[in-house]
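Work through the exercises below with the model open. Each task is followed by its solution.

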Amino acid sequence: MNCIIIDDEATARAIIGQLCTNIPSLKVLEDFPNAMQAIKYLNSNEIDLIFLDIHMPDFTGFDFIDTIKNPPKIILTTSDPNFAIQAFGYDCIVDYLVKPISPERFKKAIDKAEAIKPKPVESKSKQSGQVETSSGNDLYVNIDRRLIKIDIPSIYLVEAKGDYIQVKTEDKNYTVHSTLKKIEEKLPNDLFLKIHRSYIINVDKIIDIEDNSVLIKKDVIPVSRSNRPELMKRLNLL
Amino acid sequence: MEQPNLSYITSMSGGDKAFEQKLINIIKLEFPEEKNVYFKNFEAENYKLTAENVHKLKHKISILGLEKSYDVAVDYENSLIDGKTEGRIEFESILQTMTDFLETL
């Protein structure tokens with residue numbers, strides 16, 4: 001099995017790497033101190049197994065799993081036993097190792113991983129141009145296998161366009177293969193509001209409102225009747 | 001007081017002495033950095049970040065065979081999450097014991 005190790009602690013990466021050398025069927029291709037570097041690597045490499053730490057700055061192990069499409073088998077490696085129940089919710093997680101990891105327990109986890117058949121992988125074309133995840137004030141979108149960071153407050157409009165959405169920011173527009181529903185889940189509720197089945201707006205960027213439309217930057221956006229009361233509720237009316 | 005040891009490192013190395021030395025070198029490099037970040041965040045009274053630093057340091061405490069100290073670190077981490085500093089003195093004396101031990105390697 002081709003595997004990678006993701007852990008922000010060099011000591012942990014060295015230990016897991018050494019434990020892997022005792023198992024001939026494992027080949028460690030790379031190790032990474034953070035999840036973002038690993039995501040880029042996964043865009044162009046086929047991996048069977050990931051050893052993944054949970055506690056990492058900025059982007060946790062669970063954020064990482066939620067981000068990647070068709071995750072390979074994952075063995076969580078952590079000093080925290082409290083996430084075991086959450087881990088059960090993921091089909092891709094085959095085992096949960098609490099540090100310090102003993103060679104015996106490690107071998108058992110590998111046996112488990114080897115006993116599970118890999119899932120069929122979706123075609124790569126489905127992976128390009130997707131809303132990936134949000135972290136703090138940032139939203140990452142996957143465009144042409146690159147994860148591009150967008151500053152969330154700079155987004156003023158998201159428009160549905162068939163199988164795509166257009167994310168408009170103060171500097172640039174991004175066309176992403178995703179749905180309005182998916183990006184709505186990633187955007188903060190206090191800043192963004194769906195005002196029409198095809199539009200989400202940043203409420204702070206509204207210039208004016210006229211009957212059933214809002215002016216936001218230079219775009220005039222329709223407001224559906226059902227969404228209007230919520231919009232009016234959100235405005236600081238005199 | 002409980003003393004650090006290399007039992008875990010020798011048990012997982014499979015007798016690979018070169019790896020044992022490599023791992024010790026990594027710990028000697030990484031531990032002071034983690035310790036400094038811990039003290040910096042504690043001084044800044046950012047207890048949430050300090051708890052994360054303690055969490056990370058726990059792994060090295062366990063690698064050096066400090067089983068009881070590990071429990072002390074767990075309690076201290078939980079205190080910090082609650083915005084309290086209970087257990088600080090005990091935890092920091094564990095850090096000192098580890099520092100002294102690593103200097104002998």
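**Exercise 1: strand β4 and its partners**

A:T78 stands opposite A:V98 in β5(A). This is a predicted model, in which local features need pLDDT of at least 70 and side-chain atom pairs count only at pLDDT 80 or more, while totals for chains, interfaces and linings use all residues. Residues are numbered from 1 along each chain as its sequence is written, and chains are lettered from A and ligands numbered from 1 in the order in which they are written.

Task: Find how many bridges join β4(A) to β5(A), and in which sense the two strands run.

Solution. Strand β5 of chain A covers residues 93-98. Strands here are DSSP runs of E with at least two residues, and helices are runs of H or I with at least four, numbered from the N terminus. β4(A) and β5(A) are joined by 5 bridges and run parallel. Pairing requires that DSSP finds at least two bridges between two strands.

Next, turn to β3(A), residues 49-53. This strand also pairs with β4(A) in the parallel sense, over 5 bridges. Here A:L49 faces A:K73 of β4(A).

Now add the connection. β3(A), helix α3 (residues 61-67) and β4(A) of chain A form a right-handed β-α-β unit. Right-handed means that, with the strands pointing away from the viewer, the path from the first strand over the helix to the second runs clockwise.

**Exercise 2: burial of β4**

Task: Decide which residues of β4(A) point one way and which the other.

Solution. A:K73, A:I75 and A:T77 point one way. A:I74, A:L76 and A:T78 point the other way. All of these are buried: 6 of the 6 residues in β4(A), 73-78. A residue is buried if 20 or more other C-beta atoms lie within 10 Å of its own, exposed if 12 or fewer, and partly exposed in between, with C-beta atoms placed from the backbone.

**Exercise 3: two open sheets**

Task: Give the strand order and pairing of the sheet that holds β4(A).

Solution. The order is β2-β1-β3-β4-β5 in chain A, an open sheet of 5 strands with parallel pairing. β2 (27-32) and β5 are its edges; each has a single partner strand, so one side of each is left without a neighbour in the sheet.

Task: Do likewise for the sheet that holds β9(A).

Solution. This open sheet of 5 strands runs β11-β10-β9-β13-β12 in chain A, and its pairing is antiparallel. β11 (173-176) and β12 (192-196) stand at the edges. Inside the sheet, β9 (155-161) and β10 (164-169) of chain A share 6 bridges. A:I155 has A:T169 as its bridge partner in β10(A).

**Exercise 4: backbone exceptions**

Task: Locate the cis peptide bond and the positive phi angles.

Solution. Start from the rule: most residues other than glycine have a negative phi, and most peptide bonds are trans. The bond from A:K99 to A:P100 is cis, with omega near 0°. A:P100 sits in the loop between β5 and α5 (103-115) of chain A.

A:K217 is not a glycine, yet has a positive phi of about 55°. A:K217 lies in the loop between β15 (213-216) and β16 (219-222) of chain A. A:K217 counts as partly exposed because it has 15 C-beta neighbours inside 10 Å.

B:E45, also not a glycine, has a positive phi of about 60°. Its loop joins α2 (17-43) and α3 (47-63) of chain B. B:E45 has 10 C-beta neighbours inside 10 Å and so counts as exposed.
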